[in-house]
Amino acid sequence: MPPVEIMKGVYWVGAVDWNIRDFHGYSTERGTSYNSYLVIDDKITLFDTVKKGFASDLLHNVRKLVDPEKIDYIVVNHVELDHSGSLPEVMEAAKPEKLICSKMGKAALLSHFHREDWPYQTVATGDEISLGQRTVAFLETKMLHWPDSMFSYLKEDKLLISSDGFGQHWATSKRFADEVDQPELMRHAAKYYANILLLFSDRVQKLIETVTEMGLQIDVIAPDHGLIWRKDPTGPGAIVAAYDQWSKQAPSKKALIIYDSMWQSTETMAKAIYAGLLEKNVCVKLLNLKYVHRSDVMAEVLDAGALIIGSATINNGMLPTVADILSYLKGLRPANKIGAAFGSYGWSGEAAKLVSQALVEMKIEVVSDPIRAKYVPDHEALAPCVDLGRKIGDLLNQG
Ligand code: FEO
């Protein structure tokens with residue numbers, strides 16, 4: 001995709017990856033983009049690069065604007081390889097005067113590329129550099145989502161280059177948020193938040209407070225993945241408001257029944273719980289882990305109020321798909337949710353107990369003993385499942 005001028009003298013020069021389907025365990029069913037921005041000023045500056053394998057896309061775009069050797073500065077806002085994998089090739093082509101990054105960024109670059117000879121200049125929050133007509137201010141965003149992460153703010157343009165923040169994994173031929181289908185855009189932005197940033201929600205809240213206190217005027221947010229937010233109602237105000245809401249993790253009247261089944265007995269229990277919830281007029285979704293990817297489950301978890309997780313017992317434990325989602329959930333630390341466990345068994349019946357224990361360990365408020373049914377549940381065995389659904393429905397309605 002050719003360069004796109006996103007504001008006067010500032011160009012998107014990144015790469016669109018239409019084919020990627022797995023991003024370290026995140027299902028990128030619609031691909032992604034690796035955004036890189038070139039600023040033409042007295043000091044020509046490139047903000048971030050692209051994943052290894054896409055260096056030629058980036059350099060081809062740059063060459064349409066300037067000879068890469070004319071790049072004076074390269075800013076690395078984040079070292080993860082989707083943004084720095086092409087850095088050795090770009091450094092070779094550009095030979096910049098400065099490679100600007102945070103202190104943790106320098107350490108991470110050295111650990112990734114082992115190049116002591118690169119012209120590092122480290123910056124910290126509040127530091128500024130002049131590009132000529134423009135001033136770039138840096139804001140470290142440690143653990144959003146790596147220790148090295150930072151934002152670059154072009155003061156005169158009121159442009160925030162936000163690294164992974166406010167991104168979406170979505171390959172499109174468009175570059176701006178106001179040019180695409182809005183529900184799909186927000187679905188990708190929410191899935192991205194749930195899978196990448198949820199565990200750092202406290203830091204997101206603090207960052208929003210800090211930016212508000214600093215009085216930063218932001219006309220455009222240019223993330224390193226997906227679409228650029230340039231004007232409300234689909235601009236910076238919309239995505240910052242969404243991040244404010246998501247990071248508060250306020251539960252809604254929505255229950256998820258997340259399960260896997262061996263011979264449909266656990267699934268029958270799931271449907272009985274579903275019936276109980278429906279009586280209480282709350283939003284319910286049945287997510288069978290055989291068919292729903294963990295990252296799509298997480299997108300649903302983002303605003304759910306209740307997680308009801310079921311597994312059949314196998315080999316004295318839970319089914320592998322359930323162990324997978326519990327491990328993934330634990331890492332992403334969902335907050336402010338109630339939960340319960342259920343599952344069928346034949347003789348030993350550990351799975352539901354183990355799921356319940358895992359929910360307790362991740363600080364989900366477990367509101368019921370695990371519900372178990374032997375082999376194939378009959379009407380009597382399903383009654384506690386319906387009751388569990390009703391109970392959770394009542395709790396969600398109480399708020
Ligand atoms: Fe898009 Fe943390 O890399």
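**Figure 1. Strand E22 and its partners in this predicted model.** Let us start with a pair of residues: Ser344 of E22 stands opposite Ala373 in strand E24. The two strands, E22 and E24 (residues 371-374), pair in the parallel sense, and four bridges link them. Strand E23 (residues 365-366) is also a parallel partner of E22, this time over two bridges. Here you can look for Gly339, which stands opposite Val366 in E23. A further parallel partner is strand E19 (residues 306-311), joined to E22 by five bridges. In that pairing, Ala306 has Ile338 of E22 as its bridge partner.

**Figure 2. The two faces of strand E22 (residues 338-345).** Is this strand mostly covered or mostly uncovered? E22 is mostly covered, as eight of its eight residues are buried. Follow the side chains along the strand and you will find two sets. Ile338, Ala340, Phe342 and Ser344 point one way, while Gly339, Ala341, Gly343 and Tyr345 point the other way. The residues of both sets are all buried.

**Figure 3. Helices H6 and H7, packed against each other.** In general, two packed helices are described by the angle between their axes and the distance between the axes. For H6 (residues 201-214) and H7 (residues 236-248), the axes come within 8 Å and cross at roughly 140°. The two helices are therefore oblique to each other. H6 passes H7 in a left-handed crossing. On the H6 side, the contact is made by Ser201, Val204, Gln205 and Ile208. On the H7 side, Val240, Tyr243, Asp244, Trp246, Ser247 and Lys248 take part. Sorted by character, the residues of this contact are five nonpolar, three polar and two charged.

**Figure 4. Helices H1 and H3, another packed pair.** Now turn to H1 (residues 55-63) and H3 (residues 87-94), whose axes are 9 Å apart and make an angle of about 30°. H1 and H3 are therefore roughly parallel to each other. Their crossing is right-handed. Which residues make the contact? H1 supplies Ala55, Leu58 and Leu59, and H3 supplies Glu89, Val90 and Ala93. Five of the residues in this contact are nonpolar, none is polar and one is charged.

**Figure 5. A seven-stranded sheet with helix H3 packed on it.** This open sheet has the strand order E1-E2-E7-E8-E9-E10-E11, and its pairing is mixed. At the edges you will find strand E1 (4-7) and strand E11 (120-123), each of which pairs on one side only. On average, neighbouring strands of this sheet are turned by 25° against each other, direction ignored. For a closer look at one pairing, pick E7 (residues 37-39) and E8 (residues 45-47), which are antiparallel and share three bridges. Tyr37 has Phe47 in E8 as its bridge partner. H3 packs on the sheet and touches E8, strand E9 (73-75) and strand E10 (98-102). The direction of H3 makes about 165° with that of E9.

**Figure 6. Two loop residues, Ser86 and Lys70.** Ser86 lies in the loop between helix H2 (81-84) and H3. Is Ser86 buried or exposed? Ser86 has a relative accessible area of 0%, so this residue is buried. Leaving aside neighbours within four places in sequence, Ser86 is in contact with Thr49, Val50, Lys51, Lys52, Ala55 and Leu58. Lys70 sits in the loop between H1 and E9. With a relative accessible area of 51%, Lys70 is exposed. Lys70 and Lys43 are 27 residues apart along the chain, and their C-alpha atoms are separated by 8.7 Å.

**Figure 7. A five-stranded sheet, from E12 to E16.** The strands of this open sheet come in the order E12-E13-E14-E15-E16, with mixed pairing. Strand E12 (128-130) and strand E16 (220-222) stand at the edges, each with a single partner strand, so one side of each has no neighbour in the sheet. Neighbouring strands here are turned by 20° against each other on average, direction ignored. Within the sheet, E14 (residues 150-154) and E15 (residues 159-161) pair in the antiparallel sense over three bridges. To find this pairing, look for Ser152, whose bridge partner in E15 is Ile161.

Methods: Residues are numbered from 1 along each chain as its sequence is written. This is a predicted model: local features need pLDDT of at least 70, side-chain atom pairs count only at pLDDT 80 or more; totals for chains, interfaces and linings use all residues. Side-chain values use heavy atoms; hydrogens and water are left out. Axes are lines fitted to C-alpha atoms, for helices over the stretch in contact, and angles run from 0 to 180 degrees between N-to-C directions. Angles under 35 degrees count as roughly parallel, over 145 as roughly antiparallel, 65 to 115 as roughly perpendicular and the rest as oblique. A crossing is left-handed if the near helix is turned anticlockwise from the far one by less than a right angle, and right-handed if clockwise. Contact means heavy atoms within 4.5 Å. Ala, Val, Leu, Ile, Met, Phe, Trp, Tyr, Cys and Pro count as nonpolar, Asp, Glu, Lys and Arg as charged, and the others, Gly among them, as polar. Two strands pair if DSSP finds at least two bridges between them. Buried means under 20% relative accessible area, exposed over 50%, partly exposed in between (1.4 Å probe, protein chains only).
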